[in-house]
Amino acid sequence: MQSQLLSIASWWLCLELIGWAAWPLTAAFFTGTASRGAALARHLGLLLTGYLLWLLVSLGVLQNTRIAIALTIGIVATLSLVLSRRGRLAALWRTQRRELLAAEVLFAVAFLAYLAFRAYDPAINHTEKPMDFGFLNAILRSERFPPNDMWLSGYAISYYYFGYLLMALLTRLSGVPSGIAYNLALGTVFALTVTGAYGLVRDLTAGLVRRRESAAWVGLVGAVFVAVVGNLEGFLELLHANGIGGEALWRTVGIEALARAPMSPGWLPGTDWWWWRATRLIQDVNPFGKMPEVIAEFPSFSFILGDLHPHVMALPFGLLALTIAWNLLRVAPGLPEGERAATWRGRKLAWPALPRLAALIPPVIGALGFLNSWDLPTYAAIAIGAYAIGRAWRYGRPTVAWASESLGFGLFVLIGGLACYLPFYVGFRSQASGLESLFYAKTPVLHYVLIFGLFLSVLVPSMLEQALAALRREPRFRAVWSVALAAVLALPPALTFAAGGPAGMFLSAIGIAVGGPWLAIALAVLIALAGALLWARLGPSIRANDAGASFALLLALAGLLLTFATEFVYIGDSFGTRMNTVFKFYYQAWVLLGVAAAYGVGRLLERLRRERRRLDMVWAGCIALLTLAALYYPLAAGASKAGLFAGRPTLDGTAWVDSRSGEGAAIVWLARQVKGSAVILEAPGDEYNAAHNRVSAWTGLPTVLGWAGHEAQWRGTYDEISRRLPDIAAIYQGVDPAEIDRLLEKYGVEYVYVGPYEHQKYGIGPQNLAAFDRIMQRVYDRDGVIIYRRYERQPSL
C-alpha cells in the first residue's frame, strides 16, 4: 500500500505542476469571471499541455516521451509568465488567493474521497474497462500519433482518444503503473468535474449574492447537482425494496425491471447491480413488440461504474467550455464595435470583435470534438450564443452588424476548432450515418421527470415566475412567446423531413399520435418560454448586471432542446435505434440543466435571505427533499458497487489477476521484455469478457484482432474484421509451417501467444505446436502459457 501512496503523491504533484504552470494564463483568459478562473487552472493547463504534446508528436516534431511532456508544460508556463510579469504575479496571487486555496481544498477532498471509494472496487474486469485500459496502454506504447490500435494491428485508433491521451500523459509523467493510473485517472476526472462545476456556478452567482462565502456554498450545490446526485429512480428502488406501494403503483411507474425486482427490506435494495436500472428506465417498444435498450446515464452513475469512457473524461472540459461561454457573455458587451467588413443594403456588416487571448478559444472548445465528438456542437453553440447575447447588449438591440459579428464569431469557433485538430479528423472513421426519423418510441412524461425532476423543480417555477414578470413589464412578451412556440412546434416536422423525407415526417406524426405527445408538448412550451425570456433579455433594459440569469436560461434552453430532439430523430449508427443519441444528449442535458438549476437555487436562497415569503419557503423545502432523494442513489449504489467496503483496499486495477503465475505472469513478462509496439497474435475474444484479449489490452501491444464488434462500431464496417478472422483460425489450427509463416508475415506478427483460451477456442494440439516450433522460438513456456517469437529474417543478398 505504501507504493500506492507514493503513486498518489507523484500523480498529485504532476497535476499541481500542470495547474500552477497555467494559472497566470488562466487568470489572463477569464477576465470576465469573478474568480478569474481560479478553479479551472488544472483544466486549462492539462488540456493545453495535452494539445501541444499531441500536435507536436503528430507532426513528427517530438516523440511521445516524458521529455516531450516536460517541454510542453514548459511552453505553457512560459506563455503564462510572458502574460504575467513578476510584479503582476504577486498582485494576482493577493487577488485570487482565497479562491485558489478553496479550489485546491475542494479538489483534494473530491480526489481523495473518490479514491477511497475506488480502493474497494478497483478491478479492471467488467463492462468496457478492458477497452479503456487497452487505449491507455496503447497510447503509452506508441512513440508517434495517432497511436496504434491495440485490437487491430496495422491501424491507428479510430475513436475520440484525446481523454485517454491526457490520462496517459499523467501516467508517463508521474511514472505510475498503468493499473494504478487507471483508477487515479477516474479520481482526477471526478475531482476536475466537481471543481469545474463549483467554479462555474460560484462565478455565476458572485454578482447575485452579497458575500463571497454564499457564492461558494452555491458553487458546492452546483458540484453536487452535476457530479454527485443521481436521478430519482434510485429512491423508488428503496421504496420498492421495502414493500412500499402496491402493484398498481409500480404498474403506473412503468419500469418493468423494477416491478420484478425482489424485496430487500432495509436501507439497501441489495448488493447486486440494482443501481444499473436507474439508467435503463426508458423502455421503447418497436412495431414488432421488441424493446430496444435505451440508455439514460448520468455522471454519478458513470463514476460509480468506473468506466473511463470519452463522455466521462469530457465532463471537466465541457465545464471549461461553459466557463468560456460565461466569460464571453461578460466581456462581449465591453468590446468595441467590430470593424466594417462590408455593407448589405446600406447597412454595416462587421467583423467580430474578439476578446483578449481569443486564440485559445478554438483549441479549447475544439478539443471537445476530440474528447467526445457528440459534445462539440452543443458546447460550441452555447459559446456562440453567449457571445451573441453579449454583443446584443453592446449594440442595444439585435442589428445587422450584430448578426454579422455573431455569425463571424461562430465561424471563427467552428472552423478554428476543427482546424486545430485536423490531423485527428483526417484519419477518423465513424459509424454515424446521419439523421434518422423516429416514429415508434416516445419517452413517458413520468420517466423524464424521474431523470430530470430535481432540476425541473428549480427551473420550471423559476421560468414561470420570470414569464409572469415579463408579461407585466413587456406587453409584447405574449406575442414573442407565441412566435417562439410556433417555431418550436415547427422543429419536429422539419427534423423528421430532413431525416426521412415526407415518409419520415408522416410516420413521425403517427408515432406522436399513438405514442403520446405529452412530453413533446410540455417540452415545447418550456423551450418556447426559455427562448422568449432570452429574447426579452436582449433589449437595453437587461444588461450585464443580470447576466447570470440570462446564461442560466441559455443553458436550460440548450438542455431542453437536446432532450426534445430525441423524441423525433436520432443519429443513425450500427445499433439502429435512438439508444446512443438519448445516451449522449441526456448526458449533456444533465450538465446544462444541473448548472442552470444550481444558479436557480442560489437565486432563491438570496431572495429568502432578503424576504422569507411562505411560497418561496415551500418551494425551497420541496427542492431540499428532492435533493435528499437524489442523494440516496450515490450513497446506496456506491456502497453496493464497493461490496459494502468489506474487501481489502487497493488501487491496482490489475490485482485481481495473479501476476506471479499463469496468464498474469505471462502478461508481466511481455510488458517488461517487449519494447515498442511489436505486433502480437492472441485469439479474438468475446465482447465485454475481461479474460479475452487481455494480453493486448494490458500490455498495449497491438494484436491482429481483438473485440471484433467494437472494432466494427469504431470503423463503421466489418470488412477488415471478416478478412482477419479466418486467417487467425488458419494460423492457430495450421500444420503447414510455410503457410503459417506466410500469414504471420502478412500481419507483421512478431509474437504468438498460446494460452488456455487459444487452446479452448481452436483446439490446438501437438501437431499445431510442432508447426510453430519449426518457424518460431519459444521465449516463454510456463503454467500452460507459451509465447513464441518469430525468428529474425536475414536480409537477402
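The following legends describe close-up views of a predicted model.

**View 1. The second largest pocket and its lining.**
The second largest pocket of the predicted model has a volume of about 1,100 Å³. Its lining comprises 37 residues, and those closest to the pocket centre are Pro177, Ser178, Gly179, Ile180 and Thr654. Two or more lining residues are given by each of helix 1 (2–21), helix 6 (129–141), helix 7 (162–174), helix 8 (178–205), helix 26 (662–673) and helix 27 (694–699). Helix 26 provides the largest share of this lining, with five residues. By residue class, the lining of the second largest pocket consists of 14 nonpolar, 14 polar and nine charged residues.

**View 2. The buried face of helix 30.**
Helix 30 spans residues 737–746, and within this helix Pro737, Ile740, Asp741, Leu743 and Leu744 are buried. Viewed down the helix axis, the buried residues of helix 30 fall within an arc of 165 degrees and therefore line one face of the helix. The packing partners of these buried residues include three helical or strand elements that precede or follow helix 30 in the numbering: among them are strand 5 (679–681), helix 29 (719–733) and strand 6 (749–754). Helix 32 (766–775), strand 7 (776–782) and strand 8 (785–790) also pack against the buried residues of helix 30.**View 3. Ala712 in helix 28.**
Ala712 is a residue of helix 28, which covers residues 708–715. Ala712 counts as buried because its relative accessibility is 17%, the limit for this class being under 20%. Apart from its neighbours within four places in sequence, Ala712 makes contact with Thr717, Tyr718 and Ile721. Leu744 lies 32 residues from Ala712 along the chain, and the C-alpha atoms of the two residues are separated by 23 Å.

**View 4. Tyr762 in helix 31.**
Helix 31 consists of residues 756–762 and contains Tyr762. With a relative accessibility of 9%, Tyr762 counts as buried. When neighbours within four places in sequence are left aside, the contacts of Tyr762 are Ala683, Pro684, Ile728, Ala729, Tyr732 and Gln733. For Tyr762 and Gln733, which are 29 residues apart along the chain, the separation between C-alpha atoms is 6.2 Å.

**View 5. Backbone geometry at Pro146, Arg36 and Leu644.**
Most residues other than glycine have a negative phi, and most peptide bonds are trans. The peptide bond from Phe145 to Pro146 is cis, with omega near 5 degrees. Pro146 is situated in the loop that joins helix 6 and helix 7. Arg36, a residue other than glycine, has a positive phi near 55 degrees. The loop between helix 2 (23–29) and helix 3 (41–58) contains Arg36, and this residue counts as partly exposed at 27% relative accessibility. A positive phi is also found at Leu644, where the value is near 60 degrees. Leu644 belongs to the loop between helix 25 (614–641) and helix 26, and Leu644 is partly exposed at 45% relative accessibility.

**View 6. Phe575 in the loop between strand 4 and helix 24.**
Phe575 is placed in the loop that runs between strand 4 (569–571) and helix 24 (579–610). The relative accessible area of Phe575 is 35%, and the residue is partly exposed. Beyond its neighbours within four places in sequence, Phe575 is in contact with Gln431 and Gln713. The C-alpha atoms of Phe575 and Gly416 are separated by 32 Å, with their positions 159 residues apart along the chain.

**View 7. Leu495 in helix 21.**
Helix 21 extends over residues 477–515 and includes Leu495. Leu495 has a relative accessible area of 24% and is partly exposed. Leu495 and Tyr570 are 75 residues apart in sequence, and their C-alpha atoms are 9.8 Å apart in space.

**View 8. Cys14 and Cys622.**
Zero disulfides are found in a search of the whole structure. Cys14 is buried, its relative accessible area being 8%. Cys622 is partly exposed, with a relative accessible area of 41%.

Key:
Residues are numbered from 1 along each chain as its sequence is written. This is a predicted model: local features need pLDDT of at least 70, side-chain atom pairs count only at pLDDT 80 or more; totals for chains, interfaces and linings use all residues. Side-chain values use heavy atoms; hydrogens and water are left out. A disulfide is a pair of cysteine sulfur atoms within 2.5 Å. Buried means under 20% relative accessible area, exposed over 50%, partly exposed in between (1.4 Å probe, protein chains only). On a 1 Å grid over the protein atoms alone, a cavity is a set of points where a 1.4 Å probe fits but cannot get out, and a pocket is an open set with protein on both sides within 12 Å along at least five of seven lines; lining residues have an atom within 4 Å of a point. Grid points are joined across faces, edges and corners, and a volume is the space filled by probe spheres set on the points. Helices (H or I, at least four residues) and strands (E, at least two) are DSSP runs, numbered from the N terminus. Ala, Val, Leu, Ile, Met, Phe, Trp, Tyr, Cys and Pro count as nonpolar, Asp, Glu, Lys and Arg as charged, and the others, Gly among them, as polar. The arc is that of the directions from the helix axis to the C-beta atoms. Contact means heavy atoms within 4.5 Å.
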